[in-house]
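This report describes the interior of one protein chain, its pockets, and a few residues that deserve a careful look. Please keep the sequence and the structure in view while reading.

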Amino acid sequence: MTASPAAEMTLPELFTGADGVARFRDLRVPLSEGTPAARLSALAASGGSQFRWSPVGFASDFHCTTTPQWLVVLQGQMEIGLQDGSTRVFGPGQCFYSNDTLPPGAIFDAAVHGHRSRQVGDEPLATLFVRAPR
């Protein structure tokens, strides 16, 4: 996450490309509210939130995000793996927008679609999910 004097933050977004493959890109979040000493983004609606605790050794198979959501790591480290073999690790206080949904009309193919996630290190993983409104 980076903040700039131009009053915006740049945060990672996990998204589905036109080819149906998950990728990361930068998502620019304008900080158009607040004061110069405490810039704020516009208030965003949400569809609810959930906490998740995952033990050491947790790993998922490839899957797509069912509902776009912000994922915030509270404790431990989470690795996100993509179909191309690349990975990104997120630690406490880091977040990303998980928006790699299955393309309309597509049938899920674990060799093409989605991402995998796993806990890394020797500390359990605690995360917060904040869903986008439906």
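Strands, as the word is used here, are DSSP runs of type E with at least two residues, numbered from the N terminus. The model is a predicted one.

**Pockets**

With that definition in hand, the second largest pocket can be described by the strands around it: strand S6 (49-54), S7, S8, S10, strand S11 (115-120) and S12 each supply at least two residues of its lining. This pocket holds about 220 Å³ of space, and among its 17 lining residues Arg52, His63, Thr65, Gln69 and Phe129 lie nearest the centre. The lining of the second largest pocket comprises six nonpolar, nine polar and two charged residues.

The largest pocket encloses about 410 Å³, and of the 18 residues that line it, Val29, Ser41, Ala42, Ala44 and Trp70 are the closest to its centre. Two or more lining residues of the largest pocket come from each of strand S2 (8-16), S3, strand S10 (95-99) and S12. By residue class, the lining of the largest pocket divides into 15 nonpolar, two polar and one charged.

**The nonpolar core**

In soluble globular proteins, nonpolar side chains tend to be buried together. In this model the largest nonpolar core has 12 residues, namely Leu14, Ala22, Phe24, Leu71, Val73, Met78, Ile80, Leu82, Phe90, Phe96, Leu125 and Phe129. Strand S3 (22-30), strand S7 (69-75), strand S8 (77-82) and strand S12 (125-131) are the elements that give two or more residues to this core, and S8 gives the most, with three residues.

Leucine 14, one of the core residues, has contacts, beyond its neighbours within four places in sequence, that include Ala22, Phe24, Ile80, Leu82 and Phe96. The contacts of leucine 14 also include Arg23, Asn99, Asp100 and His115.

**Three buried residues with polar side-chain contacts**

Which strand holds histidine 115? Histidine 115 lies in strand S11, and it counts as buried because its relative accessible area is 5%, where the cut-off for buried is under 20%. Apart from residues up to four places away in sequence, histidine 115 touches, among others, Leu14, Asp61, Phe62, His63, Ile80 and Asp100.

Glutamate 13 belongs to strand S2 and is likewise classed as buried, because its relative accessibility is 5%. Not counting residues up to four places away in sequence, glutamate 13 touches Arg23, Phe24, Arg25, Leu27, Tyr97 and Asn99.

Serine 54 is found in strand S6, and its relative accessibility of 2% is why it counts as buried. Serine 54 touches Pro124 and Leu125, leaving out residues up to four places away in sequence, and its C-alpha atom is 6.4 Å from that of alanine 126, although the two are 72 residues apart in sequence.

Each of these three residues has a side-chain to side-chain polar contact, as tabulated here.

| Residue | Partner | Distance of polar contact |
|---|---|---|
| Histidine 115 | Aspartate 100 | 2.7 Å |
| Glutamate 13 | Asparagine 99 | 3.0 Å |
| Serine 54 | Arginine 52 | 3.4 Å |

Several of these partners also appear elsewhere in the report: aspartate 100 and asparagine 99 are in contact with leucine 14, and arginine 52 is among the residues that lie nearest the centre of the second largest pocket.

Methods:
Residues are numbered from 1 along each chain as its sequence is written. This is a predicted model: local features need pLDDT of at least 70, side-chain atom pairs count only at pLDDT 80 or more; totals for chains, interfaces and linings use all residues. Side-chain values use heavy atoms; hydrogens and water are left out. A nonpolar core is a set of buried Ala, Val, Leu, Ile, Met, Phe, Trp, Tyr and Cys residues joined through side-chain atoms within 4.5 Å. Buried means under 20% relative accessible area, exposed over 50%, partly exposed in between (1.4 Å probe, protein chains only). Helices (H or I, at least four residues) and strands (E, at least two) are DSSP runs, numbered from the N terminus. Contact means heavy atoms within 4.5 Å. On a 1 Å grid over the protein atoms alone, a cavity is a set of points where a 1.4 Å probe fits but cannot get out, and a pocket is an open set with protein on both sides within 12 Å along at least five of seven lines; lining residues have an atom within 4 Å of a point. Grid points are joined across faces, edges and corners, and a volume is the space filled by probe spheres set on the points. Ala, Val, Leu, Ile, Met, Phe, Trp, Tyr, Cys and Pro count as nonpolar, Asp, Glu, Lys and Arg as charged, and the others, Gly among them, as polar. A polar contact is a pair of N or O atoms within 3.5 Å; within protein, one must be able to donate a hydrogen and the other to accept it, and residues adjacent in sequence count only if both atoms are side-chain atoms.
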